[in-house]
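Trainee: I'd like to go through this model with you and ask how each label is earned. Can we take a look?

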Amino acid sequence: MQIVGFHDYAPQGRRLATALNAEYTEVRVHYFPDGESKVTLPPLTSPHLVLVRTLDRPNDKLIELMLAARTARRLGVARLTLVAPYLCYMRQDSAFEDGEAVSQTIVGEFLAAYFDDIVTVDPHLHRIDHLEQAIPQCASLTLTATDLLGAYLEARADDLFLLGPDAESEQWVERVARNHNLPHAIAQKERFGDHEVRITLPEQGWGERTVVLVDDVASTGRTLAQAAEAVLARGAARVEAAVVHPLLAGDAEAALKLAGVSAIFSSDSITHGSNVVRLAEVLADGVRELLKSSRPA
Ligand code: R5P
């Protein structure tokens with residue numbers, strides 16, 4: 001097995017290779033002035049290639065993955081695994097108006113055409129139960145960062161209360177609460193646009209405890225910001241946020257700060273100053289589990 005990363009995700013790629021006791025090499029990407037990408041693979045040393053790249057800001061990355069995967073096949077790679085801790089386009093899982101692309105399954109089918117297996121972390125699965133429904137004919141493995149984030153929170157001495165900002169967050173909040181013995185509740189969200197959401201808090205109170213908002217993704221940050229404002233207005237001593245994937249696009253961080261969020265904690269699925277837990281060991285366990293399956297190697 002050979003672990004091959006990309007420059008924009010090199011620290012995490014290297015850490016995964018170290019955890020697997022494997023060599024780390026990198027794809028070279030040259031950007032032409034007109035925006036096209038030239039992709040060059042490193043010398044290939046194994047019939048099983050593991051490409052590591054997280055898929056935030058994904059559009060160029062998907063094309064580059066396609067170029068790398070096709071080239072690897074042409075050069076004789078028999079098994080291609082993608083390790084993408086953040087899996088893009090998973091939130092658009094339904095057509096809400098005529099003609100709207102259901103990006104989840106389209107991007108899923110695209111990836112399935114190039115990779116034998118995909119390892120990812122806490123993909124946003126809302127209206128489906130399993131990643132196989134979004135990425136057909138491809139062995140996919142869903143890992144979670146919530147245990148690491150939960151352990152990080154549990155290790156703190158203060159009195160915490162977990163709040164999920166919407167129904168979709170329940171799967172992550174409940175797991176952290178159950179495994180780390182923390183009280184929790186779930187709010188409700190209505191979304192009116194990219195930057196407009198309304199949060200309705202549950203009846204249950206948290207007294208003057210520190211409330212930690214837990215979600216899979218923070219993108220514009222408006223979900224967490226609205227929840228934070230409501231929670232502080234209801235008397236919380238302090239509000240913080242823990243997310244698996246810190247996309248934090250545009251002015252998200254400023255919006256969170258303005259709303260009173262004192263700290264953000266995240267996994268290194270996406271490189272950000274809020275990263276407090278590293279996924280390398282979890283990903284390495286996932287890759288080892290895949291190796292037990294009977295795909296070509
Ligand atoms: C959707 O339900 C997700 O779990 C997140 O709550 C959502 O994607 C966050 O988006 P934003 O940060 O743009 O409000």
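Mentor: Here is the model, and the questions below go from the sheets to the domains and the salt bridges.

Mentor: Before you ask, this is a predicted model, where local features need pLDDT of at least 70, side-chain atom pairs count only at pLDDT 80 or more, and totals for chains, interfaces and linings use all residues. Residues are numbered from 1 along each chain as its sequence is written, and side-chain values use heavy atoms, with hydrogens and water left out.

Trainee: What makes strand 2 and strand 3 a pair?

Mentor: Two strands pair if DSSP finds at least two bridges between them. Strand 2 (residues 24-31) and strand 3 have 4 bridges in the antiparallel sense, so they qualify under that rule. One of the bridge partnerships is His30 with Lys38 in strand 3. The strands themselves are DSSP runs (E, at least two residues), numbered from the N terminus, and helices are runs of H or I with at least four residues.

Trainee: Which strands are called edge strands in the sheet with the order 3-2-1-4-5-6-7, and why?

Mentor: That is an open sheet of 7 strands with mixed pairing. Strand 3 (37-40) and strand 7 (139-143) are the edges, as each pairs on one side only. Neighbouring strands here are turned by 20° against each other on average, direction ignored.

Trainee: How do you know that helix 1 packs on this sheet?

Mentor: Contact means heavy atoms within 4.5 Å. Helix 1 (residues 10-19) touches strand 1 (2-6), strand 2, strand 4 (48-52) and strand 5 (79-83). Its direction makes about 160° with that of strand 2; axes are lines fitted to C-alpha atoms, for helices over the stretch in contact, and angles run from 0 to 180 degrees between N-to-C directions. Helix 8 (residues 280-291) lies across strand 4, strand 5, strand 6 (117-121) and strand 7, at about 150° to strand 7.

Trainee: What makes the other open sheet parallel, and where are its edges?

Mentor: The pairing is parallel in this sheet of 6 strands, ordered 9-8-12-13-14-15. Strand 9 (184-186) and strand 15 (275-277) pair on one side only, which puts them at the edges. The twist averages 30° from one strand to the next. Take strand 14 (residues 261-267) and strand 15: they share 2 bridges in the parallel sense, so they just meet the rule of at least two. Ser267 has Val277 as its bridge partner in strand 15. Helix 5 (residues 170-180) packs on this sheet, touching strand 8 (160-164), strand 9 and strand 12 (210-218).

Trainee: Which strands does the hairpin join, and through how many residues?

Mentor: Strand 10 is joined to strand 11 through 2 residues. Strand 10 (residues 188-193) and strand 11 (residues 196-200) run antiparallel with 5 bridges, and Glu190 is partnered with Arg198 in strand 11.

Trainee: How do you know where the domains begin and end?

Mentor: The bounds come from an automatic or database domain assignment. That assignment gives domain 1 (2-144 + 279-291) and domain 2 (146-276), with C-alpha centres 27 Å apart.

Trainee: What is buried between domain 1 and domain 2?

Mentor: About 1,600 Å², with carbon and sulfur atoms giving 50%. Buried area is the accessible area (1.4 Å probe) that two parts lose on being put together, summed over both. In domain 1, Asp122, Thr144 and Leu279 lose the most area to domain 2, together 32% of what that side buries.

Trainee: Why is the Arg15 and Asp268 meeting called a salt bridge?

Mentor: The term needs a side-chain nitrogen of Lys or Arg within 4 Å of a carboxyl oxygen of Asp or Glu. Arg15 and Asp268 come to 2.9 Å, N to O, so the pair passes. Between domain 1 and domain 2 the count is 1 salt bridge, while the whole structure has 16.

Trainee: What makes Asp116 and Arg73 a link between distant parts of the chain?

Mentor: Their closest N and O atoms are 3.1 Å apart, in a salt bridge. Asp116 sits in the loop between helix 3 (103-114) and strand 6, whereas Arg73 is in helix 2 (residues 59-74), and the two are 43 residues apart.
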